[in-house]
Amino acid sequence: MQITKRNVELRVDDSLMRVYVAAPKTVGLYPGIVFYSDIYQLGDPMIRLANYLAGYGYVVAAPEIYHRIEPIGLVIEPDDLGRMRGNDDARRTAIADYDADCRAVVEFLQAESLVSPGKIGTLGFCIGGHLAFRAAFMSEIKASVCCYPTGIPSGKLGQGVADTIHRVSEIKGEMLLVFGTLDPHIPEHDRKTIIKALDNASVTNKVFLYEAEHTFMRDDGYRYDSAATTLAWAEITAFLERIFAS
């Protein structure tokens, strides 16, 4: 499916938040997806992932997660200095601000003429996987895809300690989690903690494990695994299609 691409401007707490929007070219009604990047914001690898998903028939809205701190349009380089900068930006962002941004993107999608009423989900990578997990606390979110989400058991997300793991019972939609078994940032103990919390709260979930490292779906790095990425995308697209089929 061919797609269109554009940037929109949303105001959140008097801060301008750039949101990249990829959507099917054919006029119709499609589910909307709140798409969260990793700590490097919206560089080419993240844009390619957003575009890929849009091509399956989704209106994908990807906000710049550090818009209160960084200049509009800034892409953080995925090198040692960039990793330090991205992690520092994360620590300097209030958790309540992340939540406010999510609300703004959801409301944007609800107002979009291409988005089917009541059909909104979320997908994110790394810190974005954690943000997608938190997005699931909103009643509007019917499906959440969290790819190697960091910091959920520990509460590491922004300023202070995030209460994410303690709010699992608020989730009403379904969850899909993607992990790499070679990922040191989400060891087996953390994976089991997340899964146990979902099961204890009777949240419908699917978990897929791949023999891959952290950020294995990002195609510009040495940890990229094309085979695992292809398998993960097949599960993700099937999951979303099933949730939004009716």
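Hi everyone, let me start with the charges. This protein chain carries 25 positive and 32 negative side chains, and the centres of those two sets lie 3 Å apart. Please keep in mind that what you see above is a predicted model.

Now to the fold itself. How many helices and strands does the protein chain have? There are six helices and eight strands. If you walk along the sequence, the order reads β-β-β-α-β-α-α-β-α-β-β-α-β-α. The radius of gyration is 16 Å, and the globule rule gives 18 Å for 246 residues; the two are close, so the protein chain is as compact as a globular protein of that length. For those of you setting up a box, the C-alpha trace spans about 45 × 40 × 35 Å along its principal axes.

Next, contacts and surface. Among contacts in the protein chain with a separation of 6 or more, 71% are between residues 24 or more positions apart. Of the 246 residues, 57% count as buried. The accessible surface comes to about 10,700 Å², and carbon and sulfur atoms account for 50% of that.

Let me finish with one element, helix H3. This helix covers residues 95-111, which is 17 residues. From its first C-alpha to its last, H3 reaches 25 Å, close to the 24 Å expected at 1.5 Å a residue. And which residues of H3 are buried? They are Ile95, Tyr98, Asp101, Cys102, Ala104, Val105, Val106, Phe108 and Leu109. Have a look at Asp101 in the viewer: this residue is on the buried list too.

Thanks for listening, everyone!

Conventions
Residues are numbered from 1 along each chain as its sequence is written. This is a predicted model: local features need pLDDT of at least 70, side-chain atom pairs count only at pLDDT 80 or more; totals for chains, interfaces and linings use all residues. Side-chain values use heavy atoms; hydrogens and water are left out. Helices (H or I, at least four residues) and strands (E, at least two) are DSSP runs, numbered from the N terminus. The radius of gyration is taken over C-alpha atoms; the globule rule is 2.2 Å times the number of residues to the power 0.38. Buried means under 20% relative accessible area, exposed over 50%, partly exposed in between (1.4 Å probe, protein chains only). Contact means heavy atoms within 4.5 Å. Accessible areas come from the Shrake-Rupley method with a 1.4 Å probe; for residues, only the protein chains shown count as cover. Lys and Arg count as positive and Asp and Glu as negative; His and the chain ends are not counted. The place of a charge is taken as NZ of Lys, CZ of Arg, CG of Asp or CD of Glu. The expected span of a helix is 1.5 Å times one less than its number of residues.
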